[in-house]
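Trainee: I've got the model open and a handful of questions about it. Mind if we go through them together?
Mentor: Sure, pull it up and fire away.

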Amino acid sequence: QIKLKKSCPYVGSCTKALIIKQYNNTVQFNQNLSIFNNEYKYTVPQMEKIGLQSQQFAIKQVSNKFIIFASMLGFNVVWDFQGNVKISVDGGFQGQVNGLCGLFDGVKHNDKTTPDGNIARTSVEFGDSWGSTECETKVCPVLMQNKAWEMCNVVKKEPIKQCEDAVNLNKFASQCMESICTCMEANVSNIETCRCQALLDIITHCQANNPEVDLNSWRVVNDCPVACESPLVYKGCYNRICEIGCFDLLDDNPCPISEGSCFPGCYCPDGYVREGKRCLKPADCRDCVCEGFGKTRYVTFDKVDFTFNGNCTYVLAKTLSKIHEPKFEILITHGPCEADSKEACVKSVTTIYAGHTVLLGKSSYGNKLVTLVDEKGVNPPFSNSWANITQAGLGVQLSIEDLRMDLLFYGIDLGFSLRLPSHLYHSKTEGLCGSCNGNHIDDLKTNEGEIVEDSDVFGRSWRVTELPSILGKEEHCSVTASKNGCTILPPNLDPCMKIMDKIIFGKCHDVVDPQPFLQICQDTWCQLNSTQCRDFESYARECESVGICLNWRSSELCPYKCPEGLTHMPCGLGCPITCDNYELYKNDPSACTYPRSDACVCPHGEVLKNGSCIEQHRCQPCDPEGHYPGEEWKPDQCTTCSCSSGNSVQCQRTQCPDKTMVCQQGFKSIVVKGTEHECCPQFICAPEEHEECPPLTPLECGFGQIMKTVVTNNGCQELICQCVPVQDCPDISVEVSKSRPPGMVAVINHSYCCPKVDVVCKVETCPPPPVCMELFYEPIKQTAELCCPLYKCEPPKDKCLYTSKYTSSEESGAKSNQLAINRGEKWQDGHCHFCECLESGVTCSAKQCPTAPSHNDYVYKEIQSLEECCPDFVRTACKVGDVIYKEGEVWLSADGNSCKNMTCILGPTKELSIQEMVESCHKECPLGSVYKEPPVGSSQCCGECMPVACMVDGAAYPTDFVWYSEDNCTSYTCQISGKQVQVITFKEQCPDISECPDDKKYQEGCCYKCNFTTKAHSTCTPESLPSNETVHLINSIHNVHGFCKNFEPIADFTECKGICDSFTFYNQVSGLHDSKCLCCQAIQFNFIKVNLLCEDGFILEKKVSVPSSCDCAECGLSTQKRPTKS
């Protein structure tokens, strides 16, 4: 059943939804292209996996506008973002459907049949009969209809008029008007958008029905421009059912053409594939994915799921021996999950490439992950000329750009993920991950080339017997770990059945099958009878990889504890959120290419800076003085500055009134004492000095008074105190509410100019006498000058009262920590203090403990035992100057030697020490390669071997050199790009001589040819090569300067070209007709000089011979020399 639901709220625009019910499931498509499958919301890629797993439907998305749904029941649906729908059904449904689409019985006049079997007289009656009785008819307003009709009339003008033979323009003009009305009702601010989209619907149908119609100018004529975000390009009639993505590259035809369809929109340019919002070259995809889950469960490149419990080292993946491009080998090491465990877990993954090794594994001193590069410990992030190692969530990722390889290691019993591009490695790998070729049949191919079904036989065949030095020796390695028999618990008692919980994991069940994870969980329970958290984590991580975040942890189910200051996020980005990138990841989370996983992150609103969480607004100070957004400060007394959220500093300066006061005659303006340092000092008028009048002496005015100047009867000035106006009296509410000693009460005194707060003693408010504690006598009142009397509890006589400071009451067995000790008695308080009760009181002495050791090379931590008085001091870190290094950290030697490293290690005595490691460089390169030193100033110790020639059967062939097989049938060309070496093979195509008589056939080189007797003319002369064909033509390998070749065109470079006779003649001696073949060959040479540019920048001059004279000579007498074996 297919329903089209239109919802029109009282306020706002109408929306449409398409509801499909099949196989007891309900799928709903919305106009924003979101999809609900039953009660859960999914994306199109997730729905693809649901359809593949249930085998009920297939679904594809085209551009960001269309969804194509194909049901296994035999009907197809095309849905777009405007709510338009197109339904197609198989011919087998003829006469078996009804609804708004008609009866599909070959009779047109009964298509308006209502549910009760009658034929409706009008379209409105027909539509209402198949809808809900609660629906309300909405009509487009007349003014809007007129505006829409005016816009849609252009369909009858050129260039759209050309479509009149392909579509019914009158019908589409009506649909255009309805489409514009619906669009304008949706409160679209730009009416032109509605108009152009309605016209595009007509153009799309026209081009789908008649691709030959030229409508390239319709957007220009109708002012409907279109633009796509870079690097997308617009395609007006894309006719495939999807856009090829990275994970479609192994399919033969993942996006077939849909005849009679057009899907206009923005697409990746030709030659690129779609990966989310990005367009990638096929070589940049990582679509060959081999993964490990739980402890020893593997899923190969071609999705073969198997479990292998061996506990040795095996080949996970490696390139085939016959492949000439860069070779690599990845080893995986199994071992006991715990020290005494019989269960196998993945302990480490080791990558071997170009003479280098990288080990991702577990520390021997805990569950911390360790990373070794060429046997030296490094801490992520780390990078050099060939590898990049980063922290990805709680795991570590190794990326090697030359190999286009990403390897993510999650840790012991958590698994791994190996990703390679099929464009480069199709059918070119082998090992436990199989061959990435889209054929799962050959994934369980043993090291001997035999395809088996037993995963144990398959796994054992890839065991590695000669281990690299970074792995040491496997002294206790058995091929297969033992398994104990176990009876699965009933479902109501099986803790692993939690993974089938619909509430916790239900959204992911239809996308990722939980059964394999349930099986592994039950195996874990059988082996260890332990928690299933690791298996639940594996399932949650697989769900995260397809975009489904499960917030499955709780305080009861596998709680996750983060370091102090960090909080747990179930689907955190694989990249750390720092001050440098939080804006980028906030706007575009897809910019982080690492997979999401459990992560410990900073609290909301905070990001990392130098390893610590800070508030986001404190990432960048507002000014050089270190002020941050939200802060306020005063650069001086009159200026107040603040910083806004945009790091914008705003300052406001207080403007003071005129500092001078106008005083009456005989007075002058002076600064009030105590206001000299304020932004705006206060001034008063004081009498000027006069010989007859006494000097003015400032008065101490009472509360609520101010000092005033008056003129006495003798004409002299004097100062008086006067009450301030009532409105200027100070606010006493704060003073009244202040906290005061017991008995002291605030009383408002109205006898002053302004109300004043006096503090008086009221004994009736004093607290009652205290109740003395045990061991004390009754309280005795003591004389005191305070308002309330003090009470003192007298201690017992002939005893010392002592409160234990270092021994708790639980340890001593007493009811409290206070003791009554007899005179002369001695006791011990804790482990370090010894006390005695004397006449003068209690005297205690403490045991003297040794001080912490002083050593410039280590950091010590004091460890206090509860049973000992003095602490122990242990080394917790190594130190060089002021820099502190933790266990396992590596740093460069102080002398600057890049080949010498220092490591902080835990020795056999469980004590940290600094160990020096010196790296030795292997400069011996295989034939065809030269050693290249690292760049000057580089932190890298050793250089690397770079290929300069192709090695075939012991012979070295320089780049672009061409040589031939012994029978001259096959030519070989050496091509070198960076570290990739390829030998291009070309085999000569022999002519068709099926019509040639047997007596005319002869053999030339590796081919049989036909001798048709024709009159030939020999023309063989030197001809100059086109200048563009001479670039990179000449090359040479120099002992000092390495590989050299020309980068400029070569003038006067000639080759012999022409036609020579080929005939037979009668041999008088043998009596037979012998063949005579003449070829155009050089008979004389000149030398020219060619400048070659070497890889170190040196210009090498080389003499090259070129033909100066050519003639027809006997074939096979070539002057060209072949390279010899060395």
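Trainee: Which residue in E8 does Phe66 stand opposite?
Mentor: Keep in mind that we're looking at a predicted model. Strand E7 covers residues 66-71 and runs antiparallel to strand E8, residues 75-80, with five bridges joining the two. Across from Phe66 in E8 stands Asp80.

Trainee: And which strands stand at the edges of that sheet?
Mentor: The sheet is open and has four strands in the order E6-E7-E8-E9, paired antiparallel. On average, neighbouring strands are turned by 10° against each other, ignoring direction. An edge strand has a single partner, so one of its sides is left without a neighbour in the sheet; here that applies to E6 (57-62) and E9 (85-89).

Trainee: Which helix lies across E6 and E7?
Mentor: Look for a helix covering residues 44-54. Its direction makes an angle of about 160° with E6, and the helix is H1.

Trainee: There's a hairpin further along, formed by E33 and E34. How many residues are between the two strands?
Mentor: Strand E33 (residues 632-636) and strand E34 (residues 639-643) run antiparallel, joined by three bridges. Asp636 stands opposite Thr639 in E34. The number of residues between the strands of this hairpin is two.

Trainee: On to aromatics. What kind of aromatic pair do Phe517 and Tyr539 form?
Mentor: The whole structure has 23 aromatic pairs. In this one, the ring centres are 5.1 Å apart and the planes make an angle of 70°. Planes over 60 degrees apart count as edge-to-face, so the pair of Phe517 and Tyr539 is edge-to-face.

Trainee: Which helices does that pair link?
Mentor: The two residues are 22 apart and belong to distant parts of the chain. Phe517 is in residues 515-528 and Tyr539 in residues 533-545, which makes the helices H10 and H11.

Trainee: Are those two rings' residues buried or exposed?
Mentor: The cut-off for buried is under 20% relative accessible area. Phe517 has 3%, so Phe517 counts as buried. Tyr539 has 0%, so Tyr539 is also buried.

Trainee: Why is the pair of Trp963 and Tyr972 stacked?
Mentor: Planes under 30 degrees apart count as stacked. The ring centres of Trp963 and Tyr972 are 5.7 Å apart, and the pair is stacked because its planes lie at 25°.

Trainee: Which of those two is partly exposed?
Mentor: Trp963 has a relative accessibility of 7%, so Trp963 counts as buried. The other residue comes out at 24%, so the partly exposed one is Tyr972.

Trainee: Which ring does the charged end of Arg541 sit over?
Mentor: There are a couple of such arrangements to look at. Arg618 lies over the face of Tyr628, 4.0 Å from the ring centre. For Arg541, the distance from the charged end to the ring centre is 3.8 Å, and the ring belongs to Tyr410.

Trainee: How many residues are in the largest nonpolar core?
Mentor: Strands giving two or more residues to this core include E14 (288-293), E19 (344-353) and E27 (415-420). Tyr298, Leu316, Ile332, Leu398, Met405 and Leu418 touch the most other members. Apart from it lies another core of 39 residues, among them Ile35 and Val546. The count for the largest core is 49.

Trainee: Which peptide bond is cis in the loop between H3 and H4?
Mentor: That loop, between helix H3 (142-152) and helix H4 (169-185), holds Pro159. Omega is about 0° for the cis bond that joins Glu158 and Pro159.

Trainee: Last one: is Lys303 buried or exposed?
Mentor: Lys303 is in the loop between strand E15 (297-299) and strand E16 (305-307). Its phi is positive, near 70°, in a residue other than glycine. Its relative accessibility is 54%, and the cut-off for exposed is over 50%, so Lys303 counts as exposed.

Terms used
Residues are numbered from 1 along each chain as its sequence is written. This is a predicted model: local features need pLDDT of at least 70, side-chain atom pairs count only at pLDDT 80 or more; totals for chains, interfaces and linings use all residues. Side-chain values use heavy atoms; hydrogens and water are left out. Rings of Phe, Tyr and Trp (its six-membered ring) pair if their centres lie within 6.5 Å; planes under 30 degrees apart count as stacked, over 60 as edge-to-face and the rest as tilted. Buried means under 20% relative accessible area, exposed over 50%, partly exposed in between (1.4 Å probe, protein chains only). A charge sits over a ring if NZ of Lys or CZ of Arg is within 6 Å of the ring centre and within 35 degrees of the ring normal. Two strands pair if DSSP finds at least two bridges between them. Axes are lines fitted to C-alpha atoms, for helices over the stretch in contact, and angles run from 0 to 180 degrees between N-to-C directions. Contact means heavy atoms within 4.5 Å. A nonpolar core is a set of buried Ala, Val, Leu, Ile, Met, Phe, Trp, Tyr and Cys residues joined through side-chain atoms within 4.5 Å.
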